[in-house]
Amino acid sequence: MFELMAIIFLVGYAGIIFEHEIRINKAGTALIIGSLMWAVYAIGGSDILSLGYSHSWHEFISQHPESTSPEVVREFITEHELFHHLSEIASIVLFLLGAMGIVEVVDRFQGFRVITDHITTRDRVKLMWLISILSFFMSAVLDNLTTTIVMITLTRKILRKPENRWIFASMIVIAANAGGAWSPIGDVTTIMLWIGEQITTEHIVKSVFLPSLVSMLVPVIIASIFMKGETERPELTDEDTREFTSRGERKFIFFLGVGALLSVPVFKTITHLPPYLGMLLGLGVIWLITDLMLKNRPHEDKRILSVSRVVRNLDAPTILFFAGILTAVASLSSAGQLDIVSKFLDVHVGNIFGINLIIGALSSIVDNVPLVAGAMGMYGIAPSGAEGYLASFVQDGQFWSFLAYCAGTGGSMLIIGSAAGVAAMGMEQIHFGWYARKISWIALLGYLAGAGTYYVQSVIF
């Protein structure tokens, strides 16, 4: 059963990779493997957990030493682990729904014209640099997922050819992941390390900013060599040219939407509640305000601009794919397969730079959240004043800051390696194979260049 779970994941992962060849939507595949893996886990739970690989199981039975009966195993899998991971997955899905809703409302109100009207250059290289730099810094504040959604929505307004949009979307993913790595609120993994007190805000910014910047600049420089000429703006439809809103309304909704997104980390800092609640609060406020704005507007405007209409058109397949793949990875984390990987790295590598580089590479295949969670479980925070190898594991030690860099940027090497990549894949229908052929090697060079920068920086300082 333990091996069967891994086989189901690998077969399903192959189905996702070859989605366009087999013509089966990746969302359906992800939902099947996520459900099947938990079913196998539940049926063979006693045998799987008796192997002793699950770190979560060891923690659980330490609190329930009186019995390891089938009832206790069932309680662990269904009530402890499944609901624990469900809360995390639901938080991410609701966060995604709220972010997509806010961005879509701003788009419907033509709010992105506040930016696009000021982007006049048609030079593809200049435009790519502008969008990549914007994505890098926006991601540090908004998080990489939200930034990707916003910036891809923007590029749709200024780029006509799908192949151009795919390249720009790929650069946005790389820049957003890099930008999220140096901020404590820029990526789920940095949030985990920040909340777990492995890193502090000041240290993560100082130690990871330059490597992250390099990991973004190298791919953009390489892409600039191959990208020449000017862009072609999309042909405007009647809906695009029609002035649904006044210039003042567009500005108001744009800054209201940006303000709602920016308020999420503030909400979390003040309340210590999950970020998705802040995102849903922001969407709710926008919903209330826009309904009041549309109260006396013509029915046609309400049909186009109403938030209740907007949310019906959100990309449900992408959201379901995200839920399915996270559910599948959660089962591997709970059953112990990911713990085996972490222990293998510790025994056979034994070097913090090598371990983190491999974790970063693995994060392009499986979600970086359980990988970082596994690393946090494997390597506790060493006491202050520790020396030698253990010194890397103190708060703000090199292991933790380099882990934030590798887990954050390593996911860019495959399109499904990060939340930003998954969102881009769904929004622009980017083929997995195309990204692997055209972009992965560029992202790899950026990843290694940033890692080299971190190493040199650590030696000097």
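The legends below describe close-up views of a predicted model.

**View 1. The salt-bridge network of Arg156, Arg165 and Glu428.** The side chains of Glu428 and Arg156 meet in a salt bridge with an N to O distance of 3.1 Å, and because Glu428 lies in helix α23 (residues 419-428) and Arg156 in helix α9 (residues 144-158), this pair ties together parts that are 272 residues apart in sequence. Glu428 also forms a salt bridge with Arg165, with the closest N and O atoms 3.1 Å apart, and this pair links helix α23 to helix α10 across 263 residues. Salt bridges with shared partners thus join Arg156, Arg165 and Glu428 into one network, in which Glu428 is buried at 6% relative accessibility, Arg165 is buried at 18%, and Arg156 is partly exposed at 36%.

**View 2. The salt bridge between Arg108 and Glu104.** The side chains of these two residues, Arg108 and Glu104, meet at 3.7 Å, N to O, and they are separated by about one helical turn because they stand four residues apart in helix α6 (residues 70-108). Arg108 counts as buried at 17% relative accessibility, whereas Glu104, at 22%, counts as partly exposed.

**View 3. The surroundings of Asn177.** Asn177, found in helix α10 (residues 162-181), counts as buried at 1% relative accessibility, and its side chain makes a polar contact of 3.1 Å with the side chain of Asn144. Beyond its neighbours within four places in sequence, Asn177 is in contact with residues including Gly408, Thr409, Ser418 and Ala420.

**View 4. A nonpolar patch on the surface.** Met1, Leu4, Ile7, Val11 and Ile43 together have about 500 Å² of accessible area, and helix α1 (residues 2-17) contributes the largest share, three residues. Ile7, placed in helix α1, is partly exposed with a relative accessible area of 47%.

Terms used. Residues are numbered from 1 along each chain as its sequence is written. This is a predicted model: local features need pLDDT of at least 70, side-chain atom pairs count only at pLDDT 80 or more; totals for chains, interfaces and linings use all residues. Side-chain values use heavy atoms; hydrogens and water are left out. Helices (H or I, at least four residues) and strands (E, at least two) are DSSP runs, numbered from the N terminus. Buried means under 20% relative accessible area, exposed over 50%, partly exposed in between (1.4 Å probe, protein chains only). A polar contact is a pair of N or O atoms within 3.5 Å; within protein, one must be able to donate a hydrogen and the other to accept it, and residues adjacent in sequence count only if both atoms are side-chain atoms. Contact means heavy atoms within 4.5 Å. Patches are made of residues with over 30% relative accessible area and no salt bridge: like charges are joined within 9 Å, nonpolar side chains (Val, Leu, Ile, Met, Phe, Trp, Tyr) within 5 Å. Accessible areas come from the Shrake-Rupley method with a 1.4 Å probe; for residues, only the protein chains shown count as cover. A salt bridge is a side-chain nitrogen of Lys or Arg within 4 Å of a carboxyl oxygen of Asp or Glu.
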